[in-house]
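Colleague: I should be grateful for a close look at a single part of this model. Please describe one helix, what covers it, and how far the surrounding prediction may be read.

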Amino acid sequence: MAVKLRNEYGPVLHMPTSKENFKEKGPQNGADSYGHKQYPANQGQEVEYLVTGTHPYPPGPGVALTADTKVQRMPSESAAQSLTVALPSSQARVDANRTVPGGNEYRHPGASDRSQPTVMNSIVMETGNTKNSALIAKKAPTMPKPQWHPPWKLYRVISGHLGWVRCIAVEPGNQWFVTGSADRTIKIWDLASGKLKLSLTGHISTVRGVIVSARSPYLFSCGEDKQVKCWDLEYNKVIRHYHGHLSAVYGLDLHPTIDVLVTCSRDSTARIWDVRTKASVHTLSGHTNAVATVRCQAAEPQIITGSHDTTIRLWDLVAGKTRVTLTNHKKSVRAVVLHPRHYTFASGSPDNIKQWKFPDGSFIQNLSGHNAIINTLTVNSDGVLVSGADNGTMHLWDWRTGYNFQRVHAAVQPGSLDSESGIFACAFDQSESRLLTAEADKTIKVYREDDTATEETHPVSWKPEIIKRKRF
Amino acid sequence: MTLPSLLPAPTHRYDDQPEAAGKATSQRSQRTSPVSSRRGPPPYGCQEGWLPQLLEDFGAGGAFPEIRTAQYPLDMGQRKTKSNALAIQVDPEGRMKYKAIARQRQVKDKVICSTYAGLVPKEVTKAEDTDLQRPDEEAIKEITEKTRAALEKSVWQKVATSRPLGAADKLAPAQYIRYSPTQQGAAFNSGATRRVIRMAEMQTDPMEPPRFKTNKKIPRGPPSPPAPVMCSPSRQMTGREQREWKIPPCISNWKNAKGYTIPLDKRLAADARGLQTVHISEKFARLTQALSMADRKAREAVEMRAQVERKMAHKAKERREEKLREMAQKARERRAGTKTHVEKEEGEAHERQEIRHDRREERQRARNLPTAALEKRPKGQRRETRDVTEVIALSMANPRTSSEVQDDHRLFDRSQGVDSGFAGGQDEMYNVYDRAWRGGQGVAQIIYRPSQNLDKDVCADDLEARIKTNRFLPHQEVSASDRRQRGREGPVQFEEDPIGLDNFLEEAKQHGASKRPSESSRPREREHESKRRRKEETHISSKSNLWAAMALSTFLGGQAGASTSKLSAPMDHFEKQHNTHAADFFPTRRFLLQTEGEEAEKDQFSLRKTLLVWTTFWKKPNSTGPLRDPQRAAAPGNVSTKARGGGRKRRTSLPSQRTISQKPEDANPRGAEFVKAQDENPVRVPDSSASLYHGRKGH
């Protein structure tokens, strides 16, 4: 039959195939291609979203993803174009468009806010910290050269959850990581192979936060069912419930040095629990809207919360009172991340990512350009800040200078709609060589640094330039 | 010499001073000196330089008009509201400290940013800047310890209730207090100058429930004042942004509670089906193509195979037939050698046979003609010629199709009241219907009407005339008979035998069985016997008598087998005489026996007599032979007046069993013969069904 088919319907048979070939060739041949090879090497001219094709995925369930079994699809040109059109126009792109004829006057997004304008000198003089400040002519602030970071590329997609993957956490031993999903399960995956090790069921609604304790063999999880659970990983059973939240619990964190768990909830409170006795030590009330994120640290202030009431609060753990309220954000703060080495932290909001200094929460700088609802922030000790947004875009920044060196928008898992791309959580593993993102297309995507990239192949497009004053 | 004494008296009072003054006064008023015994204003005349400042300075009275100063007796005229204005604070440079506004009512250690510098990005610093470094280990450890202690304490208190009870708290040691009363004397304190009091804590019951209710909700204190907003107010939304955020209202295909009219395009827009493009892999098409082709191939192959097989079978059959034909030919040839001359001899007979055969066919065809093309006739005609059963089965007799009004006419007759028409409410009367169902063209008329075409050959064209003809009219009318009025309409109704025919037959049976009448019936029988001989010549010749007799004979044949044999003998004789067949004469299943007249007794008697005559007459055992009696047959239609002269009309049709079978070849010529005879004879076939039967049977 096959022979006959070929004989009789040869032209028809080959028609679709040739079409596909054409499609696949399209982006590579195209003059303004959005191929996945496009790394912001020429970022000065056109900073575009990195539209990758689908990640290589195994041809069927239960088939290991290897080099010879993988299936990979490149997006068609039209799809890529529509995607980029749908993406919000970043400052950089706008700038680039404006300055493309000139070609060399690129102002990168993160740097635009950093200003110490001369107009401000009078104010400084007035505030009068030092009398001399008024007399010394202030040096015009220039942007320092950002540190070069190798770009990150997608290398593995782990599919297995049946719902949005809402949270992710890596074990301190770096053997496995844990994800919580909207399918009400918590899954534990092998970090090296990406295989599922364990599924924990018990939540009756979306799991919104997971964290693994470094001080005990415990896993803590919280969900929209108002429950905060403590799992004993030696028995894989729930051993404690922390009961008290009046609404969905959106996030949790463990204190690094004290056996204390902090959860934040939609009931606009954060609660501090004694891990062992399950007692609620403090109820941190003060936010006027849902508290989206909470972070703990050993140094003062020990608790930082970000809320949908657009404020960030730094709390005194001993007294259970607000120490500082930061009201600089205009939109709800859904992500807060602490720098592992510096005494600073960053907060993400749809308007800006802002960096702050501890202990008083003094403002450092804005990292603008990620014009989407930022769901998650994470940073590694190398100073790579990753912001993942609700529309599936991920930006990678240099922490110190706020230079956005890479933008990624990974394609969704096949079978998902384009609108189903979204990043809910991301985390570096303990060795900081892998970046795990929990996505709305029910997958976990794993990125790693591109080993082949060097500063020559992917140069930092930076120009020491006097930074324009930014209005607030 | 003090400074105030040197200074001139103040000319103005500051606006903010009254409050301070009031505060001072209230403080002063609360401050009570235990030694002061003075109350009220000083007496008049001693008021030089005195100013009323306290409430008690006024006593219970009013102001002092002679003292020129603002006075507020009973706090009348005092400003009640407290100002929340802050006292101006300045920094060492003498600048206003606006920060105080932000810090107002805030906790002291709270960090509040109140300067523009807090909004401005800092200069990017080196990574090794000291202010970016985390606190060192020592500091962190210290903080941790402090925090842990505080939290432990807090937790300890919180979980105290769940802790198991330990030993009771140790009581504090008793205290001894020594005191000496102020009132000394023998009358007081039992004359003691000093006392020692032992103060000890009372033992408390650990299980005692709390004495005071602590479950009352304490209202929450006021929240801490808001922090200064450090961002510009959000921009006004532009029209474009608003349009982008416009979410079209949900348009349901199932619910529209408010009943809005929703344009079709909006409905389509709400339907998300158009948004998705369906991608179907070309492989599907390929697969379908391949499948269909394979299917077609397979079908073709199967068909081809079947065809080949069929051809093979056909050929085999042909071969077999050929062989058979050859064999037959051989056999025929073998036989032809002997039989050729015989065939020639009988050629003439064969020819006649053929002619006979042709004619028979012709006749048959002519007879079949009316029925054959029944379906090809026009509709109305077809409907007319339908069989009755067909009419009913096809519900053509449905009364509703007729246009007649379905009203009960009695309801219109209200001349004597509402219930007058409807039989006056009499339930016993069975007059539910005001008139017969399909009274005009009732079923009865259809049923008992021979179909024209079928009977044309039997009854010629004068069917109507025949139907109208009253066939069984007596020659002489009995006075009481009301034959004229009662033309039979509708079916023959069966009645229980009113003349005691059953009893009579019983008797007859008994006679037949015993051949000797019982004691009671013997004289009568003898009498009958004598009468029979007399009447044999007169009555039996009449055909109508024969009719009755035959009816009874057939009846008895059905009822009592014993008497049948007796009856068959005279039938045989009869047939011989009339040169006709009994079956031709009594073709019907229904025989009419009409006995009318006043003298029922006489009637009965005569009938009985007749029967007895016949029972004795038909004695010969030959049962089914044809009757031939030309003399008797020549005089039919003479119905005996006695048999007919009953006072009451009785209609009794007796079902007869048809015992005489006919061969179709025989029946046809005889039927034709009979028809001819009927045309001449006044005696008719008693019922149309007879002709029906004849027309159909055997063809």
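Modeller: In this predicted model, helix α4 of chain B runs over residues 137–158 and has 22 residues. From its first C-alpha to its last it reaches 31 Å, close to the 32 Å expected at 1.5 Å a residue.

The buried residues of α4(B) are B:I140, B:I143, B:T144, B:T147, B:L151, B:S154 and B:V155. They lie on the same side of α4(B), because the arc they cover around the axis is only 100 degrees. The face turned away from that buried side carries exposed residues, among them B:E138, B:K141, B:E142, B:K146, B:E152 and B:K153. B:W156 and B:Q157 are also exposed on that face.

The cover of the buried residues comes in part from the other chain: it includes β12 (260–265), β13 (269–274) and β14 (280–285) of chain A. These strands recur in the largest nonpolar core, to which β12, β13, β14 and β15 (291–296) of chain A, together with α4 of chain B, each give two or more residues. That core has 21 residues. B:L151, one of the buried residues of α4(B), is among those with the most contacts inside the core, as are A:V260, A:V262, A:C264, A:I272, A:L284 and A:I303.

A:L284 may serve as an example from the chain A side. Leaving aside residues up to four places away in sequence, A:L284 touches A:S268, A:T269, A:A270, A:I272, A:I303, A:W315 and A:G320. Two of these, A:I272 and A:I303, are themselves listed among the core residues with the most contacts. A second, separate core has 18 residues, including A:W148, A:W152, A:M394 and A:L435.

As for the chain that supplies these strands, chain A contains four helices and 29 strands, and 57% of its 472 residues count as buried. Among its contacts between residues at least 6 apart in sequence, 50% join residues at least 24 apart.

There remains the matter of confidence. The predictor gives the complex an ipTM of 0.71 and a pTM of 0.49. For chain B the mean pLDDT is 68, and 47% of the residues reach 70 or more. Over residues 16–22 of chain B the pLDDT stays under 50, and the model has two contacts beyond four places in sequence for them. Residues 578–600 of chain B also have a pLDDT below 50, but this stretch has 102 contacts in the model beyond near neighbours in sequence. Where pLDDT is low, the predicted coordinates should not be read in detail.

Note on methods: Residues numbered from 1 in each chain as written. Chains lettered and ligands numbered in written order. Predicted model: local features only at pLDDT ≥ 70, side-chain atom pairs only at ≥ 80, totals over all residues. Heavy atoms only, no water. pLDDT = per-residue confidence, 0-100. Contact = heavy atoms within 4.5 Å. Expected span 1.5 Å × (residues − 1). Buried < 20%, exposed > 50% of the residue type's maximum accessible area, 1.4 Å probe, protein only. Arc of directions from axis to C-beta. Core = buried A, V, L, I, M, F, W, Y, C linked by side-chain atoms within 4.5 Å.
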